[in-house]
Amino acid sequence: MTSRQVFREWERPRTIQAEALSDSEQALARKLRESGRLSVNETRQGLEVATTSWVGRIVLGGVEISIQPKIKAAPLVQLLRYAFGWSAFC
């Protein structure tokens, strides 16, 4: 059974309960860490997860990790309108 853990961008490291990672999951965790998207380290207590600016969802060790934007939806939409000049259309 997959458990779901929700994080926000730039969240401090947090340890979550998880199964041991398979070889392919360890390789994926290493690629994520090297790319700077997500830091996932396997510890005795579980998975230590620290987020960066990457937003998305991934499943590792029976855990679905969801990373949500730090900015709430309404302010984010306002920023996008300003950045792309959509304010004249919306």
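Which residue in S4 is the bridge partner of Ser39? In S4, that partner is Ala50. The structure discussed here is a predicted model. This briefing covers its two open sheets, its helices, its salt bridges and a nonpolar surface patch. One sheet has the strand order S2-S4-S3, and the other has the order S1-S6-S5. The salt bridges number three.

**The S2-S4-S3 sheet**

- Three strands make up this open sheet, and their pairing is antiparallel.
- S2 and S3 are the edge strands, each of them pairing on one side only.
- From one strand to the next, the twist averages 30 degrees.
- Strand S2 covers residues 14–16 and is joined to S4 by three bridges, the two strands running antiparallel.
- Within the pairing of S2 with S4, Thr15 stands opposite Glu48.
- Strand S3 spans residues 38–43 and is linked to S4 by six bridges, again in the antiparallel sense.
- Two residues form the hairpin connection that leads from S3 to S4.
- Thr43 has Gly46 in S4 as its bridge partner, while Ser39 is matched with Ala50 in S4.
- Strand S4 comprises residues 46–51, and five of its six residues are buried, so the strand is largely enclosed by the rest of the structure.

**The S1-S6-S5 sheet**

- This open sheet also consists of three strands, but the pairing is mixed.
- S1 and S5 (56–60) stand at the edges with a single partner strand each, so one side of each has no neighbour in the sheet.
- With direction ignored, neighbouring strands of this sheet are turned against each other by 20 degrees on average.
- Five bridges connect S5 and S6, which pair in the antiparallel sense.
- Gly56 stands opposite Ile67 in S6.
- As background to both sheets, side chains in a regular strand alternate between the two faces of the sheet.

**Salt bridges**

- In general, side chains of opposite charge can pair when their charged atoms come close.
- Arg4 and Glu64 form a salt bridge through their side chains, with an N to O distance of 3.6 Å.
- Arg4 belongs to strand S1 (residues 3–8) and Glu64 to strand S6 (residues 63–68), so this pair ties together parts that lie 60 residues apart in sequence.
- The side chain of Glu64 also meets that of Arg57 in a salt bridge, at 3.8 Å from N to O.
- Through salt bridges with shared partners, Arg4, Arg57 and Glu64 are joined into one network.
- The accessibility of the network members can be stated residue by residue: Glu64 is buried at a relative accessible area of 18%, Arg4 is partly exposed at 48%, and Arg57 is exposed at 55%.
- Because buried means under 20% relative accessible area, the 18% of Glu64 places this residue in the buried class.
- Because exposed means over 50%, the 48% of Arg4 leaves this residue partly exposed.
- A further salt bridge links Glu11 and Arg14, whose closest N and O atoms are 2.9 Å apart.
- Both ends of that bridge are partly exposed, with relative accessibility of 23% for Glu11 and 28% for Arg14.

**Helices**

- Helix H1 covers residues 23–35, and its 13 residues should span 18 Å at 1.5 Å a residue.
- The end C-alpha atoms of H1 are 18 Å apart, which agrees with the expected span.
- Gly36 comes just after H1 and takes a positive phi of about 80 degrees.
- Helix H2 runs over residues 73–84 and includes Leu80.

**Nonpolar surface patch**

- Leu80, Phe84 and Trp86 make a nonpolar surface patch of about 310 Å².
- Leu80, which is found in H2, is partly exposed at 32% relative accessibility.
- Because residues of a patch need over 30% relative accessible area, the 32% of Leu80 satisfies that cut-off.

Definitions and conventions. Residues are numbered from 1 along each chain as its sequence is written. This is a predicted model: local features need pLDDT of at least 70, side-chain atom pairs count only at pLDDT 80 or more; totals for chains, interfaces and linings use all residues. Side-chain values use heavy atoms; hydrogens and water are left out. A salt bridge is a side-chain nitrogen of Lys or Arg within 4 Å of a carboxyl oxygen of Asp or Glu. Helices (H or I, at least four residues) and strands (E, at least two) are DSSP runs, numbered from the N terminus. Buried means under 20% relative accessible area, exposed over 50%, partly exposed in between (1.4 Å probe, protein chains only). The expected span of a helix is 1.5 Å times one less than its number of residues. Two strands pair if DSSP finds at least two bridges between them. Axes are lines fitted to C-alpha atoms, for helices over the stretch in contact, and angles run from 0 to 180 degrees between N-to-C directions. Patches are made of residues with over 30% relative accessible area and no salt bridge: like charges are joined within 9 Å, nonpolar side chains (Val, Leu, Ile, Met, Phe, Trp, Tyr) within 5 Å. Accessible areas come from the Shrake-Rupley method with a 1.4 Å probe; for residues, only the protein chains shown count as cover.
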